[in-house]
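Biologist: Please take a close look at the salt bridges in this model, and set them against the packing of the interior.

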Amino acid sequence: MPSSAPPARRSRRASPPSSPLRAAPDDRGRLWGVVVVVAAVLAFANAVGGAFVYDDTRQIAANPLIQDPGRLGEALASDVWAFRAEMGEAGSNYWRPAFVLWLVLNHGLFGLDPVGWHLTNLLLHGLVTALAFGFLRRLRLDVRVAASIALLFAVHPVHVESVAWVSGSPDLLLGVGVLGALWAVLGALERPRWWRWAAAGGAGVLAVTSKEVGVVLPVLVAATVAAAAPERHPGQSILLRAGARWRKPLLIAAPFAVLAAGYFLLRWAVIGRFAQEAPWQHGPVEALLTAPGLLAFYLRQIVLPLWLGPVYPLRPVTLDGLGATSFWVPLFVAVGAGAGALWMARKGATQKIGLAMFVLPLLPALNIPAFPPEHLAHDRYLYLPLLGALMLVVPTAAEALARGRRGTEGAAKATLAGAAVLAALLLLQTVRYNLAWTSEMALWARAVETDPGSASSWSQYAIALRESGRTREAAEAIDRSLAIRPMAPALIERADLLATQGRAAEAARDLQAVLAMQPDNHLPYERLAVLYQQSGQLREAEATLRAGRTANPEQACAFSANLGVVLYLQGRKAEAQSELERVGPLAGRDLNPACRVGLYHLGALYAEQGDAARARATWRRFLALTATIEDERTRQLRALAQQQLAGPG
């Protein structure tokens, strides 16, 4: 639709008259910019008081790499789960240095108070909304149509997972980077200035280092420039016109392509491979059969976001499971939606860019073999694609109204009025759904409601129930999980429950079952050793720890620390000292808190031998290495070490 803003005064370096890129912000534009940002903040404000949930508890609260300022370089040069991996190995496929730096900054500001973390997520979403509105205005949309798109984007409930969940911030950082780069590129095309190009480059760096999907930015830049600033070359052949039209977009996108390629090379150096091998198996046939259902699901979430949860009952489709609801109906929906999207994309530049914005960031989410069977779909993958879908639909609807009796002015007003009504309904749904992400109990209760067939969700729900003291319900939840599919985490959780009830033999049976499934899993060895130690079976505890260290050499430090304690309890103090002294060289590099606890015990052993100098030196090192570790056991031992050091030397 035509812009309602008056034409901007041309400068010597302004775009040529044929360029539609001379956006002219006006007072209404500024007003609506404020309105959409306020709406974004209001929609998610009740999430600010939430706790750390799900990955937050490990990625933030139990991550010494982001908590220790001295390890900033190591944190930025590691994948995001490096703190739980083997020394020198990648713990995941995700190298996101901008996200890690964001975690470090937030921890420096707020420590482990989740309120501050939630507040910065909220402010990030407000910034993304402002950039979306500014980007739309630079596409010369009528201010009311641009506000309609930004308003619906601001309050949509599919954003809850990205905004209300602290660990959802990669999507927000990605949004800032992508939209900031596109906004700056359009600004530089309109009024070329070196700092506009520098801002575009900086935003591009943020995009590709926040989340892997940021590597689609070069294609988005090319599509945006081609659609918004087409080059006209009359009199040439079709091929020559096409080549001339794409020359400028490709030249502008080239630096971003170099940036994306550089990111991939650095990522390869950090992770050591393109992707880690997944323990599940979805072949290309399953991926092809599952894709229509997954796409239909995401379309439903955009259009009718009534069923919302952290997990959904979508599973890989096999040839044996092929049916109307699993494949044919979703295929019909996906093909129809695709045809409709292509038809709308022909209507104008905004729609063309919207199609690219919808498809490109969503493509990685359709890589079905990369996802666990119970986690094929998540709302967070729609963060930017939602904006693309709205850029397709809203201007098309406004143009249809304009062709009727309403005219351009009436169509713009009607579009804004309709968007305001829809936004109010969406905001209510968002406010309600935010509450599901405020605690572990609420989150996993919602998870088993939206996907009652998820074994992993029932296991997580059981943990939340046990930690709240509801042990009977926790046991029932674990049984539900194991009835769906026997999984190691569920068996370990049941073993923990049985141990608290004094049923050590049954707990040991479950842990042995885990070892039969996963002989290199260090957790059952550790828990079996604790069971044996608590029941006085110290020889069995020793044998279990030695077997665990052999099976898990990367966890040697933690096993040696525990083995030293068991040997000491047997009266074998020389052997205990030998084991605990093995901890010393590893404690500075191994991020497992159980490893560093061995230093406390070594200090206590030195003190018992009368070697006060070595004891005090060891305790000081223990305190230095555990300064940022927050688990209860470490805190207790730190208090004891500080008490010993405060006493007479």
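**Salt bridges and packing**

Modeller: Both D142 and R144 are buried, and their side chains form a salt bridge with an N to O distance of 3.0 Å. The model is a predicted one, and a search of the whole structure gives 28 salt bridges.

K573 pairs with E608, with the closest N and O atoms 2.5 Å apart. K573 belongs to helix α26 (residues 573–581) and E608 to helix α28 (residues 593–608), so this salt bridge ties together parts that are 35 residues apart in sequence. K573 is partly exposed at 35% relative accessible area, and E608 is partly exposed at 42%. Salt bridges with shared partners also link R539, E542, R546, R549, R572, E575, E579 and R582 into one network.

D55 and R58 form another salt bridge, at 2.7 Å from N to O. Here D55 is buried, with 15% relative accessible area, whereas R58 is partly exposed at 34%.

As for the interior, the largest nonpolar core has 159 residues, and F135, L179, Y298 and W437 have the most contacts inside it. Helix α9 supplies the largest share of this core, twelve residues. A separate core of 20 residues includes C557, L580, L605 and Y606.

Helix α15 (residues 349–362) has eleven of its 14 residues buried, so the rest of the structure largely encloses α15. Among these buried residues are I353, L355, M357 and F358. The buried residues of α15 pack against several helices, including α6 (114–138), α9 (169–190) and α13 (284–303).

Key: Residues are numbered from 1 along each chain as its sequence is written. This is a predicted model: local features need pLDDT of at least 70, side-chain atom pairs count only at pLDDT 80 or more; totals for chains, interfaces and linings use all residues. Side-chain values use heavy atoms; hydrogens and water are left out. Buried means under 20% relative accessible area, exposed over 50%, partly exposed in between (1.4 Å probe, protein chains only). Helices (H or I, at least four residues) and strands (E, at least two) are DSSP runs, numbered from the N terminus. Contact means heavy atoms within 4.5 Å. A nonpolar core is a set of buried Ala, Val, Leu, Ile, Met, Phe, Trp, Tyr and Cys residues joined through side-chain atoms within 4.5 Å. A salt bridge is a side-chain nitrogen of Lys or Arg within 4 Å of a carboxyl oxygen of Asp or Glu.
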